[in-house]
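Me: I would like a close look at a single part of this model. Please keep it plain and connect the details to their surroundings.

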Amino acid sequence: QSNRTAEIRPCIGCHEGCLWQMIAGEPTSCSLNPVCGHETDRVLVPLKQKKSLLVVGGGPAGIEAARVGVQRGFAVTLWEASDRLGGNLWPAAKPDFKRDIADYLTYLQGLAGRLPIAVVLNKRATAKDIQSFAADYVILATGADMEPPPIDGNNVLSTIQLLNGIEPRGERILIMGAGVIGCETALYLASQGKKVTLCARQDSDELDTDIIDIHNREMLLKMIREEKNITVL
């Protein structure tokens with residue numbers, strides 16, 4: 001009613017916290033809203049005395065930590081190693097069929113802009129930096145390191161590098177691994193006219209078992225089957 005729709009968390013359609021937890025007999029929850037379904041047992045307690053909080057990492061976890069810190073009364077500083085907030089949501093939102101993730105990225109950027117926090121970009125934190133900053137509390141939200149490929153060379157890319165804008169050479173692309181990232185990246189490349197071979201360790205009925213929701217998984221596998229530029233081994 002007050003035209004603040006940008007402040008509403010979008011749904012990413014994962015169905016994990018809502019649909020599948022109900023099917024499992026668990027309390028309803030939400031991947032993007034940890035308090036949903038737990039409003040009475042996950043109450044944020046205000047600080048009795050102002051304290052400082054340093055959040056290292058500006059992806060979804062870091063921005064959420066900053067939001068909670070502000071809500072509890074911390075003076076929050078957020079360091080991000082790159083020149084933009086959002087972390088791996090950027091490559092995750094790259095394929096055009098990932099528009100729900102793109103909406104979440106837009107929401108988080110807006111949220112960070114509304115929060116009364118100090119954001120420092122291009123700041124790769126070291127242990128010495130953190131110690132020198134001397135915050136009362138530190139949250140490390142730097143994410144995980146991707147497993148390095150078993151081979152190297154000028155024509156070997158990680159999916160993160162690819163989805164962050166590094167163009168692959170040639171027209172024939174081999175993707176090693178057919179989990180959710182491999183399947184989505186195959187579709188992304190095939191839509192650009194690349195001839196993609198998706199190499200999986202599992203049998204065909206076990207592709208993309210990363211996805212919990214059966215409807216999302218079936219849709220992704222259907223897209224793989226119908227894409228003429230993708231061969232699955």
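Which residues does A125 touch, not counting residues up to four places away in sequence?

Reply: This is a predicted model. A125 touches V56, W79 and I130, with residues up to four places away in sequence left out of the list. A125 itself lies in the loop between β3 and α5, and α5 covers residues 127-133. A125 counts as partly exposed because its relative accessibility is 27%, and partly exposed covers the range between under 20% for buried and over 50% for exposed. P148 is 23 residues from A125 in sequence, and the two C-alpha atoms are 22 Å apart in space.

The strands around this loop belong to an open sheet. Four strands make up the sheet in the order β3-β2-β1-β4, and their pairing is parallel. β3 (118-120) and β4 (137-140) are the edge strands, each pairing on one side only. On average, neighbouring strands of the sheet are turned by 15° against each other, direction ignored.

Strand β1 spans residues 52-56 and pairs with β4 in the parallel sense over 4 bridges. Within this part of the sheet, L54 stands opposite V138 in β4. Helix α2, residues 60-72, packs on the sheet and touches β1, β2 (75-79) and β4. The direction of α2 makes about 170° with that of β2.

To return to the residue you asked about: A125 is a partly exposed loop residue, and its contacts include V56 and W79.

Technical notes
Residues numbered from 1 in each chain as written. Predicted model: local features only at pLDDT ≥ 70, side-chain atom pairs only at ≥ 80, totals over all residues. Heavy atoms only, no water. Pairing = 2+ DSSP bridges. Helix = DSSP H or I, 4+ residues; strand = E, 2+ residues; numbered from the N terminus. Axes fitted to C-alpha atoms, helices over the stretch in contact; angles between N-to-C directions. Contact = heavy atoms within 4.5 Å. Buried < 20%, exposed > 50% of the residue type's maximum accessible area, 1.4 Å probe, protein only.
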